[in-house]
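Hello,

Here is the structure I promised to pass on to you. Have a look at it first, and then read on for what I found in it.

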Amino acid sequence: LSPKTKVVIDHFGCFRQCGKSDEDIERAFQALLDLHKYPQLYVKVSGWKRVSSVPSGSNMNLRSDVVGYVERVVKAFTSNRTMWGSDMPLALLQDGMPPGHAAYSAAVGSTYEEVVADTVAMFRESGLSEDQVADVMHNSAKALFWS
């Protein structure tokens, strides 16, 4: 990996895989955290449905177990190399119906604004500072992609 190449690891690196033990999941997450030593790597804390132990549903506030993972990513990578992603439009779905599927509109369980509000509320109740929340929610992505 070239030191000049910036890489964004999406969806927490998809460390949670179906059928894996808790120990395997933790080992995979730790492998992600170990990548912090590469300053050109960033982590997008998106895909909460894929990371959460909550089986289904669109409400972000049901996925509070993910906040601990976010805190650990921020601790390892810093908030300057951690960015939130909405995982739109899948974040809106109660189940996995993709846009265009006949059952899509019936599967939508929230709005984008609700997803953002739930996420910010959970972050504010976490161990993250206001500055870290601002970095994760928009500052780090802005610095990486628009500066």
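Let me start with a single residue: Q30 has a relative accessibility of 32%, so it counts as partly exposed, since that class lies between 20% and 50%. Q30 sits in helix α1. Its C-alpha atom is 9.5 Å from that of R72, although the two residues are 42 apart along the chain. Please keep in mind throughout that this is a predicted model.

Q30 and R72 both belong to a contact between two helices, α1 and α3. The axes of α1 (residues 22–33) and α3 come within 10 Å and cross at roughly 30°. Angles under 35 degrees count as roughly parallel, so α1 is roughly parallel to α3. On the α1 side the contact is made by I25, E26, F29, Q30, L32 and L33, and on the α3 side by Y69, R72, V73, A76 and F77. By type, these residues divide into eight nonpolar, one polar and two charged.

Now for the wider view. The protein has six helices and three strands, and along the sequence they follow the pattern β-α-β-α-α-β-α-α-α. Of its 147 residues, 39% are buried. How much of the contact network links residues 24 or more positions apart? Among contacts with a separation of 6 or more, such pairs account for 73%.

Two helices towards the end of that pattern deserve a closer look.

The helix α6 covers residues 130–145. With 16 residues at 1.5 Å a residue, α6 should span 22 Å, and because its end C-alpha atoms are 22 Å apart, the model agrees with that expectation. Even so, α6 bends by about 55° at V136. V136 is also one of the buried residues of α6, together with V133, D135, M137, S140, A141 and L144. An α-helix has 3.6 residues a turn, so residues three or four places apart point the same way; you may like to keep that in mind as you look along the helix. What covers the buried residues of α6 includes the strands β1 (7–9), β2 (41–45) and β3 (82–84), as well as the helices α3 (65–77) and α5 (112–124).

Helix α5 has 13 residues and reaches 18 Å from its first C-alpha to its last, close to the 18 Å expected. Its buried residues are V115, D118, T119, V120, M122 and F123. Among the elements that cover them are α2 (48–51), α3, β3 and α6. The cover goes both ways here: α5 is part of what covers the buried residues of α6, and α6 is part of what covers those of α5.

Finally, two loop residues caught my eye for their backbone angles. Which loop holds H11? H11 lies between β1 and α1, and its phi is near 55°, a positive value in a residue other than glycine. With a relative accessible area of 16%, which is under the 20% cut-off, H11 is buried. T78 also has a positive phi, of about 75°, although T78 is not a glycine. This residue is placed in the loop between α3 and β3. At 38% relative accessibility, T78 counts as partly exposed.

Enjoy exploring it, and do write back with any questions.

Best wishes

Key. Residues numbered from 1 in each chain as written. Predicted model: local features only at pLDDT ≥ 70, side-chain atom pairs only at ≥ 80, totals over all residues. Heavy atoms only, no water. Helix = DSSP H or I, 4+ residues; strand = E, 2+ residues; numbered from the N terminus. Expected span 1.5 Å × (residues − 1). Bend = angle between axes of the 7 residues up to and from the residue. Buried < 20%, exposed > 50% of the residue type's maximum accessible area, 1.4 Å probe, protein only. Contact = heavy atoms within 4.5 Å. Axes fitted to C-alpha atoms, helices over the stretch in contact; angles between N-to-C directions. Parallel < 35°, antiparallel > 145°, perpendicular 65-115°, else oblique. Nonpolar A, V, L, I, M, F, W, Y, C, P; charged D, E, K, R; others polar.
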